Amino acid sequence: MERSIQTLLNRMSLASVAVATATLLFSLSDTSITCDHRRNHPHQTLALTRFPRSSCESNGRILLSPDERLRRLRSTNTWRKKVDSSSAIFGLVRDLGFLTNQSKVLCVSAGAGHEVDALRGSGVRDVTGVEVFDSPPLVSRADPHNLPFFDGVFDVGYSSGLDEALFPTRFASEMERTVRIGGVCVVVVGRRSAEEELRVVKDLFRRSSFVAARNVTLAGAEMVALLMRRNAVPA
């Protein structure tokens, strides 16, 4: 009796394995047919910037090279507006004598890299952009609260991301640390009262002295650019 039950169980197990194998083979075969985008839609291409809604879409997506991705970004109105407004801000820094084509510049919380693109487009060659998520070829991955650079290696530190920093004091301290004595930290923040902006900056940048503040527009938003000169000792 026990032998008969064991034999029946073995047969059932073998049958289950056979069914599962057949189902898997059918699924793979069906996927290879239905996911062949060129066969089903010979005159269409998948969107390259939209997240795939199915495994078939993911199977047919084309991965863009960093250079091609940047070329497409540069062709958008949003990108051009951000680059143009960033260029205007850097023009102010040039006018004050703190930025030249030979300057070493660090852009902190650089997003997709429009600030880096604006600087390089104006002739500044040595520009480093960092963000929590990398965006090659313009921006590398780094924690703004723990920058992977030695002290005083940059002439200019720039950021328009101070307002969104999780730890503003640490953010400002790290940015300030990487700028050489005599260099400047430039931060662009939301426009409030002048007194409030000055107080916030002075509290955060403890080793720098205030130089200038200018009303600016960044991608259509009214902002304030503040320049702080790095001191040898705490101010």
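**Entry 1. Overall character of the chain**

I take a residue as buried when its relative accessible area is under 20%, as exposed when that area is over 50%, and as partly exposed in between. By this reading, 35% of the 235 residues of the chain count as buried. I note at the outset that I am working with a predicted model.

I looked up the secondary structure and found eight helices and seven strands in the chain. I then looked up the contacts between residues with a separation of 6 or more, and 58% of these join residues 24 or more positions apart. For the surface, I recorded about 14300 Å² exposed by the chain, with carbon and sulfur atoms supplying 55% of it.

**Entry 2. The nonpolar cores**

I recalled that in soluble globular proteins nonpolar side chains tend to be buried together. I therefore asked which residues touch the most other members of the largest nonpolar core. This core has 28 residues, and the ones that touch the most other members are Leu99, Cys107, Leu119 and Val188. Two or more residues each come from helix 5 (77-95), helix 6 (114-121), strand 1 (105-108), strand 4 (154-159), strand 5 (179-190), strand 6 (208-218) and strand 7 (221-230). Helix 5 contributes the most, with five residues.

I also noted a second, separate core of 21 residues, which includes Ala142, Leu162, Phe171 and Met228.

**Entry 3. Leu99**

I followed Leu99 further. I located Leu99 in the loop between helix 5 and strand 1. Is Leu99 buried or exposed? Its relative accessible area is 5%, and because the limit for a buried residue is 20%, I count Leu99 as buried.

I listed its contacts, leaving aside neighbours within four places in sequence: Phe90, Val93 and Arg94, then Val105, Leu119, Val124 and Val156. For one of these partners, Val124, I looked up the separation from Leu99: 25 residues in sequence and 8.7 Å in space, C-alpha to C-alpha.

**Entry 4. Helix 5**

I next checked the geometry of helix 5. Its 19 residues should span 27 Å at 1.5 Å a residue, and its end C-alpha atoms are 27 Å apart, so expectation and model agree.

I then asked which residues of helix 5 are buried. They are Trp79, Val83, Ser85, Ser86, Ile89, Phe90 and Val93. I recalled that an α-helix has 3.6 residues a turn, so residues three or four places apart point the same way. The cover over the buried residues of helix 5 includes helix 4 (66-74) and helix 6, together with strand 4, strand 5, strand 6 and strand 7.

I singled out Ser85, which is found in helix 5. Ser85 is buried at a relative accessible area of 11%. Not counting residues up to four places away in sequence, Ser85 touches Thr217, Leu218 and Ala219. Just after helix 5, I found Gly97 with a positive phi of about 85°.

**Entry 5. Backbone exceptions**

I kept in mind that most residues other than glycine have a negative phi, and that most peptide bonds are trans.

I found Ser109, not a glycine, with a positive phi of about 55°. Ser109 lies in the loop between strand 1 and helix 6, and Ser109 is buried at a relative accessible area of 16%.

I found Ala219 likewise with a positive phi of about 55°, although Ala219 is not a glycine. Its place is in the loop between strand 6 and strand 7. Ala219 counts as partly exposed, at 44% relative accessibility. I noted above that Ala219 is one of the residues touched by Ser85.

Where is the cis peptide bond recorded here? I found that it joins Pro136 and Pro137, with omega of about 10°. Pro137 lies in the loop between strand 2 (127-131) and strand 3 (139-141).

**Entry 6. Aromatic rings**

How many aromatic pairs does the structure hold? I counted two. I examined the pair formed by Phe149 and Phe154, which is edge-to-face, at 5.2 Å centre to centre and with 90° between the planes. Phe149 is partly exposed, with a relative accessible area of 22%, whereas Phe154 is buried, at 4%.

I also looked for a charge over the ring of Phe154. Lys104 lies over its face, 5.9 Å from the ring centre.

Technical notes. Residues are numbered from 1 along each chain as its sequence is written. This is a predicted model: local features need pLDDT of at least 70, side-chain atom pairs count only at pLDDT 80 or more; totals for chains, interfaces and linings use all residues. Side-chain values use heavy atoms; hydrogens and water are left out. A nonpolar core is a set of buried Ala, Val, Leu, Ile, Met, Phe, Trp, Tyr and Cys residues joined through side-chain atoms within 4.5 Å. Buried means under 20% relative accessible area, exposed over 50%, partly exposed in between (1.4 Å probe, protein chains only). Helices (H or I, at least four residues) and strands (E, at least two) are DSSP runs, numbered from the N terminus. Contact means heavy atoms within 4.5 Å. Accessible areas come from the Shrake-Rupley method with a 1.4 Å probe; for residues, only the protein chains shown count as cover. The expected span of a helix is 1.5 Å times one less than its number of residues. Rings of Phe, Tyr and Trp (its six-membered ring) pair if their centres lie within 6.5 Å; planes under 30 degrees apart count as stacked, over 60 as edge-to-face and the rest as tilted. A charge sits over a ring if NZ of Lys or CZ of Arg is within 6 Å of the ring centre and within 35 degrees of the ring normal.
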